[in-house]
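Visitor: I have a bench to get back to, so walk me through this one quickly.
Guide: Gladly. Here is the structure.

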Amino acid sequence: MITLKSIGQIDKMDASGRILRKALDAAGELVRPGVSTKELDEIIRETIEGESARPAFKGYMGFPANSCISVNEEVVHGIPDGRILKEGDLVSIDVGVEKNGWMADSAMTYTVGMVSEEAARLMDVTLRSLEKGIEQCVPGKHLSDISHAIQVHVEANGFSVVKDLVGHGIGSKLHEEPQIPNFGPPGRGPVLKPGMVFAIEPMVNVGSEKVKTLEDEWTVVTADGKLSAHFEHTVAVTEQGPRILTLLD
Ligand code: MG
Ligand code: MG
């Protein structure tokens, strides 16, 4: 069942989302050759805790860090550590925030110095596919209209969507129903209603859609070792259309 959130509850998620955005922006400003992923994780923790909120990923299913940081062929769920970023890397940072019992979830991919043309295009296409999915968050549309819009944009640009991992409902829990695949035919699944809140998160690969999990049991990488990018926003369906909760304004 998809739980509907009141405007008051959505406002609380928006407050969590603003804190999340501050934390992601702080990490994003630090991204450069020579910085470690652990340092990025630390600024995220400091920013969130400085707002009397909690990094929602810490301890979730036993996850050992405050954020997920995934570099190059790593798709999602990378564990921040002493790895030093270098010129040309792509780094995806995924953050969850809980404040007053309400969650927000957002991710962005950043460039480290100058990146290849292909990497830059992958980022642009992934971000744009997220925007296309968000545009579908309108009452009366079907859930799979989001999925379809993402897939069409990605594949029209010659990349592939990861199918083993999906977006999700979000609210007082980090992961709620429904699952939101980044692929599929339009016009299927539940009809969207005001009060539904989704974490929409295309994961897009330059090469094959196939992924595998490393021995740390967290880090998901592309099976072919090629680049991947990940963007995510928490979005409420409202009478006025999509309301993105993980932005500052
Ligand atoms: Mg996330
Ligand atoms: Mg998520």
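**Metal sites and fold**

Visitor: Which residues coordinate the magnesium ion (ligand 2)?
Guide: This is a predicted model. In it, the donors of ligand 2 sit at 2.1 to 2.3 Å. Their spacing in sequence is D-x62-H-x32-E-x30-E. The magnesium ion (ligand 2) is held by Asp 105 (OD), His 168 (NE2), Glu 201 (OE) and Glu 232 (OE).

Visitor: How many residues apart in sequence are the parts that Asp 105 and Glu 232 tie together?
Guide: Both residues are donors to ligand 2. Asp 105 belongs to strand β5 (residues 102-111), while Glu 232 is in the loop between β13 and β14. The pair therefore ties together parts that are 127 residues apart.

Visitor: Is Asp 105 buried or exposed?
Guide: Buried means under 20% relative accessible area. Asp 105 has a relative accessible area of 2%. That is under the cut-off, so Asp 105 is buried.

Visitor: And Glu 232, buried or exposed?
Guide: The same cut-off of 20% applies. The relative accessible area of Glu 232 is 0%, so this residue is buried.

Visitor: Which residues coordinate the magnesium ion (ligand 1)?
Guide: The distances here run from 2.0 to 2.6 Å. The donor residues follow the spacing D-x10-D-x126-E. Asp 94 is listed twice, each time through OD. The full set is Asp 94 (OD), Asp 94 (OD), Asp 105 (OD) and Glu 232 (OE).

Visitor: How many residues apart are Asp 94 and Glu 232?
Guide: Asp 94 and Glu 232 both coordinate ligand 1. Asp 94 is in strand β4 (residues 90-99). Glu 232 is in the loop between β13 (228-230) and β14 (233-238). Both are buried. The pair links distant parts of the chain, 138 residues apart.

Visitor: Which residue coordinates both magnesium ions, ligand 1 and ligand 2?
Guide: The two ions are 3.2 Å apart. One aspartate is a donor to ligand 1 and also to ligand 2. That residue is Asp 105.

Visitor: Where does Asn 182 lie, and is it buried or exposed?
Guide: Asn 182 is in the loop between β8 (176-180) and β9 (197-200). Its relative accessible area is 0%. With the cut-off at 20%, Asn 182 counts as buried.

Visitor: Which residue has its backbone oxygen 3.2 Å from a polar atom of the Asn 182 side chain?
Guide: Leaving aside neighbours within four places in sequence, Asn 182 contacts several residues, among them Ser 147, Gln 151, Pro 202 and Met 203. Another of these contacts is a donor to ligand 2 through OE. Its backbone oxygen is the one at 3.2 Å, and the residue is Glu 201.

Visitor: How many disulfides are there?
Guide: A disulfide is a covalent bond between the sulfur atoms of two cysteines. The cut-off is sulfur atoms within 2.5 Å. Cys 68 is buried at 6% relative accessibility, and Cys 137 is buried at 0%. The disulfide count is zero.

Visitor: How does the radius of gyration of the chain compare with the globule rule?
Guide: The chain has four helices and 15 strands. For 249 residues the globule rule gives 18 Å, close to the value for this chain, so it is as compact as a globular protein of that length. The radius of gyration is 17 Å.

Visitor: What share of the residues of the chain count as buried?
Guide: The C-alpha trace spans about 45 × 45 × 30 Å along its principal axes. The chain exposes about 10,500 Å², with 52% of it from carbon and sulfur atoms. Of the 249 residues, the buried share is 53%.

Key: Residues are numbered from 1 along each chain as its sequence is written. Chains are lettered from A and ligands numbered from 1 in the order in which they are written. This is a predicted model: local features need pLDDT of at least 70, side-chain atom pairs count only at pLDDT 80 or more; totals for chains, interfaces and linings use all residues. Side-chain values use heavy atoms; hydrogens and water are left out. Helices (H or I, at least four residues) and strands (E, at least two) are DSSP runs, numbered from the N terminus. Buried means under 20% relative accessible area, exposed over 50%, partly exposed in between (1.4 Å probe, protein chains only). A polar contact is a pair of N or O atoms within 3.5 Å; within protein, one must be able to donate a hydrogen and the other to accept it, and residues adjacent in sequence count only if both atoms are side-chain atoms. Contact means heavy atoms within 4.5 Å. Donors are N, O and S atoms within 2.8 Å of the metal (3.2 Å for Na, K and Ca); water is not among the atoms, so sites may look incomplete. The radius of gyration is taken over C-alpha atoms; the globule rule is 2.2 Å times the number of residues to the power 0.38. Accessible areas come from the Shrake-Rupley method with a 1.4 Å probe; for residues, only the protein chains shown count as cover.
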